[in-house]
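Me: I am new to this structure and would like to learn how to read it. Where should we begin?

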Amino acid sequence: MGTVKKFKNNAYIFTPNTYMNKSGDALSNILHFFNISLENILIVHDDLDLKIGQLKFKYSIGSSGHNGLRSIIISLRKFFSHVDLKSLFFHRICIGIGRPNSRKNVSSFVLTCPSKYEKEILSTSIQQAMKFIDTFIQQ
């Protein structure tokens, strides 16, 4: 299923250990176990459409072709079936990883380890994202 770590203010960080395109299945288990409300969900994911290291906070429903998000959205729709689909938005932090030159290289691009330089950029972005997560939890 994944790793669950208690954070601050009764918040939990959940890291699924499933394939990315099955993230929603793992999320469903967490939603059922902890009975989490939609407004308390914050998804952190990579984003090909942002430059490497760029952060973006969104409150939306779309997957933009991201298979992990697609799986999560399907699970959210099942779990929150009583909610109007138009209001089934959730919070997310997008961390830019850049985009390869060719669309056919996307799969190998996202599965390749970042370079040392890219890791440094991403490390800084993750630290910034953690500050935002802390603020999100406090509110």
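Reply: Begin with a contact between two helices. This is a predicted model. In it, Ser-23, Gly-24, Asp-25, Leu-27, Ser-28, Leu-31 and His-32 of helix 1 touch Gly-68, Ser-71, Ile-72, Ser-75, Leu-76 and Phe-79 of helix 2.

Me: How many residues of each class make up the contact of helix 1 with helix 2?

Reply: Sort the residues by class and count. The contact has seven polar, five nonpolar and one charged residues.

Me: At what angle do the axes of helix 1 and helix 2 cross?

Reply: Treat each helix as a line. Helix 1 covers residues 23-34 and helix 2 covers residues 67-79; their axes cross at roughly 35 degrees and come within 7 Å. The crossing is right-handed.

Me: In what order do the elements of the protein chain run?

Reply: Read from the N terminus: β-β-α-β-β-α-β-α-α. That comes to four helices and five strands.

Me: What does the radius of gyration say about the protein chain?

Reply: Compare it with the value for a compact globule. For 139 residues that value is near 14 Å, and the protein chain has 15 Å, so the two agree. The C-alpha trace spans about 40 × 30 × 25 Å along its principal axes.

Me: Is Cys-94 buried or exposed?

Reply: Look at the relative accessible area, where under 20% is buried and over 50% is exposed. Cys-94 has 0%, so Cys-94 is buried. Cys-113 has 64% and therefore counts as exposed. Across the protein chain, 35% of the 139 residues count as buried.

Me: How many disulfides does the structure hold?

Reply: The count is zero.

Methods
Residues are numbered from 1 along each chain as its sequence is written. This is a predicted model: local features need pLDDT of at least 70, side-chain atom pairs count only at pLDDT 80 or more; totals for chains, interfaces and linings use all residues. Side-chain values use heavy atoms; hydrogens and water are left out. A disulfide is a pair of cysteine sulfur atoms within 2.5 Å. Buried means under 20% relative accessible area, exposed over 50%, partly exposed in between (1.4 Å probe, protein chains only). Axes are lines fitted to C-alpha atoms, for helices over the stretch in contact, and angles run from 0 to 180 degrees between N-to-C directions. A crossing is left-handed if the near helix is turned anticlockwise from the far one by less than a right angle, and right-handed if clockwise. Contact means heavy atoms within 4.5 Å. Ala, Val, Leu, Ile, Met, Phe, Trp, Tyr, Cys and Pro count as nonpolar, Asp, Glu, Lys and Arg as charged, and the others, Gly among them, as polar. The radius of gyration is taken over C-alpha atoms; the globule rule is 2.2 Å times the number of residues to the power 0.38.
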